[in-house]
Protein chains: 4
Amino acid sequence: MRDSTSTRERIDRAALGLFVERGVAETSIRDIAQRAGIADGALYRHYRSKDELVWQLFSSRYLAFAETLDGLQLGQPTAERRLDAMVRGFCAFFDRDWELFAFLLIVQHGQLARLSEGARTPVDIVRAVVAAAMERGEVPARDADLAAAMVIGAVLQAATFKIYGRLPAPLGDYADELAAGCWRLLAGGKAAHSPSPERSRTP
Amino acid sequence: MRDSTSTRERIDRAALGLFVERGVAETSIRDIAQRAGIADGALYRHYRSKDELVWQLFSSRYLAFAETLDGLQLGQPTAERRLDAMVRGFCAFFDRDWELFAFLLIVQHGQLARLSEGARTPVDIVRAVVAAAMERGEVPARDADLAAAMVIGAVLQAATFKIYGRLPAPLGDYADELAAGCWRLLAGGKAAHSPSPERSRTP
Amino acid sequence: MRDSTSTRERIDRAALGLFVERGVAETSIRDIAQRAGIADGALYRHYRSKDELVWQLFSSRYLAFAETLDGLQLGQPTAERRLDAMVRGFCAFFDRDWELFAFLLIVQHGQLARLSEGARTPVDIVRAVVAAAMERGEVPARDADLAAAMVIGAVLQAATFKIYGRLPAPLGDYADELAAGCWRLLAGGKAAHSPSPERSRTP
Amino acid sequence: MRDSTSTRERIDRAALGLFVERGVAETSIRDIAQRAGIADGALYRHYRSKDELVWQLFSSRYLAFAETLDGLQLGQPTAERRLDAMVRGFCAFFDRDWELFAFLLIVQHGQLARLSEGARTPVDIVRAVVAAAMERGEVPARDADLAAAMVIGAVLQAATFKIYGRLPAPLGDYADELAAGCWRLLAGGKAAHSPSPERSRTP
DNA sequence: AATGAATGAGTGTTCATTCAT
DNA sequence: GATGAATGAACACTCATTCAT
């Protein structure tokens, strides 16, 4: 058990690293096994196929992060605090293991569709928080999905910038600004349930 | 030339469609040639390799979009109008050819690094607009890169939601809300950490 | 077409030879390609898989032989002559290409089950001739299936003996004796529709 | 010893069953071990390799059957009775354990060559009986090898028909007919080519 | 320009076999 | 004797690429 666990962890870490460095298709099972320090065949004791490996790696981490996010948000008294906790949590998560985040980012397309219907993803968590805030009147009522998309995108893109070297400091250093920005996005202005036909927003 | 152009266009369209439907690695040159209605070998008259095809497709479209974005923004008098024009332009671009956008989204990782140092990407355009707005005092001075990331992310994620079916209407229907949200994000508040819910559009 | 045909024939012959020499499982696609003088990949232009190759080789030859057998039998006036023609035909077939026969013998188990329900096999041809002979009273009425089995087995086993070196001369040299033996088997004695409970056949 | 024996028997039975169901090449050591209820490695306490297992299984059963056949024949006073005893014995053997017979049938090619020069096979037993009958004048003198082949083939093919479902009743129900047919084959006629239907059992 | 048969390196995967426990 | 994780040499098969036509 001891050995088996450590072997699997070595596989996971090796795969994660290679997937991020070269991409999934460009990484062979041989590459992963070599970096993990095992023979190719041994990998199949832990995952039934390369596809399985990618899928398990993605889904387990992706859904675990959703739970983490939910846990952070649950204890908070106000929508603003909930958002703040989630943003901060995300930044910490990212700074602790940016490689994992990069992996999730890279492989999401093609894996997302395989999630079971009822799976609670990070997206669902954020959307629920946003929708609740609107229902309770803590925030102007708008299209909850669109609002959730914007908040998620704002934070995610910051992380992406970080990965591509467009942001110098650890993501945690931007957490305040990110949380504040998201709050402005969400809480600012008047209600305007989109899509609405009225226009002209120029002051 | 007429024939050649049309063949190339068929290749491009076939490749684009297949890449989005199945992913790049899962699409073979044979698949593309077949859908384009030519023999496998013929494809090599137009692209020297599969990698080349992906790269050409990505870079030309990606950089062309940057120019489009820049053009839209150039004529506008204020930062808010510039942002509005870009958001609206993006939505129109997306609704006209969402497949192309999905392609750009999917292949960006792995292609982004190949862009030449001085290339003007959509990201650069947005960043420049945001930075200029801050310099001119049209918007509170904050970290321009972070602000640009958030704005870009907010809009991009809305498009991603649209692709995954999380938003029902055409993206254009959300353009107002998107532009307004981005403006709130950019222009709202004074300090980085604003714990108070009140805000005013212009400082 | 010229080239393609010859390539396929080279593949068939190489596969046949190797299957007989080493067995199907012991023969790799590489072995076949090498003996056929082509690259491994080229084989897949002619057969979609190794299984397909074995199956095509077996079924085409097996069913073609059934037709040959049927043709030989058709022109004959009496049951004895029909049997004689078939036995003689089989021996000629064997002596012309014993390797093909050995192949059919070796791979039959596992391939036989894949034949479509209505396929006319050599076994069906012989059985039909035997049954017709019984119906017309040319031969005592017995269990047609059993009688067909015995006739087929008698000839087949002679061929098998030949393959294993237990018979020195060409099979054709035994054709008279084989045909006569089969005829004795079929035509001799009184009718005794088996399975019947009565016993004791000792004189 | 008790336990070991039973383990080995379980291995043998598992292997036999799987070989017949799927074929030898399609059956892995893991499959066998699993069905036998042991770990893969444990199998190597009983057989040094998969090849060994197949070989031991084949040769022991094949040669044991030869002895059985010989024993059955030995006590009989006449050639006809000897043949009858052997046919009957074969049918009983088949009905008692058709899986074993199917195994012998399937793997014979490729194993037969490994038998030592002097090994007494079922074929040798039958041939000896046939040859002796000819020498003693109990049966017309013909090519003993060919005659033996025909007799063996006739019975074997009936068994094969049974395996493939072409014969409905237990093989034992056909024993009379089989023995009679073989005897006609052997004892009937005078010359190799007997165009006349009349015959007498003993010359 | 186009064709499509051919190439051959490389992939994911299997599986007989070993060996530390 | 038994276990089962690990090995590593195959294997079937794919596919980007070439090239004679």
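Student: What makes the pairing of Y44(A) with a phosphate oxygen of DNA strand E a polar contact?

Tutor: In this predicted model, a polar side-chain atom of Y44(A) lies 3.0 Å from a phosphate oxygen of DNA strand E. The cut-off for a pair of N or O atoms is 3.5 Å, so this pair counts as a polar contact.

Student: Which residues of chain C have a polar atom by a phosphate oxygen of DNA strand E?

Tutor: One of them is A39(C), with a polar backbone atom 2.7 Å from a phosphate oxygen of DNA strand E. Another is H46(C), where an N or O atom of the side chain is 3.3 Å from a phosphate oxygen of that strand. Both values fall within 3.5 Å, so both pairs qualify.

Student: What surrounds DNA strand E as a whole?

Tutor: There are 34 residues around DNA strand E, and K50(A), A39(B), A39(C), R45(C) and I29(D) are the closest. Of the strand's atoms that come within 4 Å of the protein, 58% belong to sugar and phosphate. The residues of this surface comprise 10 nonpolar, 15 polar and 9 charged.

Student: Which elements supply at least two residues each to the surface near DNA strand E?

Tutor: Helix 2 and helix 3 of chain A do, along with helix 1 (2-22) and helix 3 (40-43) of chain B, helix 3 of chain C and helix 2 (29-36) of chain D.

Student: And DNA strand F: which residues come nearest there?

Tutor: Out of 34 residues around DNA strand F, the nearest are A39(A), R45(A), I29(B), K50(C) and A39(D). Sugar and phosphate make up 60% of the atoms of DNA strand F that come within 4 Å of the protein.

Student: How do you know that T7(A), Y44(C) and A39(D) make polar contacts with DNA strand F?

Tutor: Let's take each distance in turn. An N or O atom in the side chain of T7(A) is 3.1 Å from a phosphate oxygen of DNA strand F. For Y44(C), a polar side-chain atom lies 3.2 Å from a phosphate oxygen of the strand. For A39(D), a backbone N or O atom lies 2.8 Å from a phosphate oxygen. Each is within 3.5 Å, therefore each counts.

Student: Now the protein chains. Why are chain A and chain C said not to touch?

Tutor: Their nearest C-alpha atoms are 21 Å apart. Contact requires heavy atoms within 4.5 Å, and chain A and chain C do not touch. Chain B and chain D do not touch either, with nearest C-alpha atoms 30 Å apart.

Student: How many residues are in contact between chain B and chain A?

Tutor: 50 residues of chain B are in contact with 51 residues of chain A. About 4,300 Å² is buried between these two chains, with carbon and sulfur atoms giving 62%. On the chain B side, H109(B), L146(B) and E177(B) lose the most area to chain A, together 15% of what that side buries.

Student: Why is the pair R166(A) and D124(B) called a salt bridge?

Tutor: The N to O distance between their side chains is 3.2 Å. The limit is 4 Å between a side-chain nitrogen of Lys or Arg and a carboxyl oxygen of Asp or Glu, so this pair is a salt bridge. The count between chain B and chain A is 4 salt bridges. The largest share of the side of chain B that touches chain A comes from helix 8 of chain B, with 11 residues. That side divides into 26 nonpolar, 10 polar and 14 charged residues.

Student: Within chain A, what are the domains, and how far apart are their centres?

Tutor: Chain A is divided into domain 1 (1-48) and domain 2 (50-203). Their centres, taken over C-alpha atoms, are separated by 30 Å. The two domains bury about 1,400 Å² between them, 73% of it on carbon and sulfur atoms. L16(A), V20(A) and Y47(A) supply 38% of the area that domain 1 buries against domain 2, more than any other three residues.

Student: What makes D12(A) and R61(A) a salt bridge?

Tutor: Their side chains meet at 3.7 Å, N to O. That is within 4 Å, so the pair qualifies. The rule finds 3 salt bridges across this domain interface, as well as 4 residue pairs in polar contact. Helix 1 of chain A gives the most to the domain 1 side that touches domain 2, with 8 residues.

Technical notes. Residues are numbered from 1 along each chain as its sequence is written. Chains are lettered from A and ligands numbered from 1 in the order in which they are written. This is a predicted model: local features need pLDDT of at least 70, side-chain atom pairs count only at pLDDT 80 or more; totals for chains, interfaces and linings use all residues. Side-chain values use heavy atoms; hydrogens and water are left out. A residue is near a molecule or strand if one of its heavy atoms lies within 4 Å of it. A polar contact is a pair of N or O atoms within 3.5 Å; within protein, one must be able to donate a hydrogen and the other to accept it, and residues adjacent in sequence count only if both atoms are side-chain atoms. Buried area is the accessible area (1.4 Å probe) that two parts lose on being put together, summed over both. Helices (H or I, at least four residues) and strands (E, at least two) are DSSP runs, numbered from the N terminus. Ala, Val, Leu, Ile, Met, Phe, Trp, Tyr, Cys and Pro count as nonpolar, Asp, Glu, Lys and Arg as charged, and the others, Gly among them, as polar. Domain bounds come from an automatic or database domain assignment.
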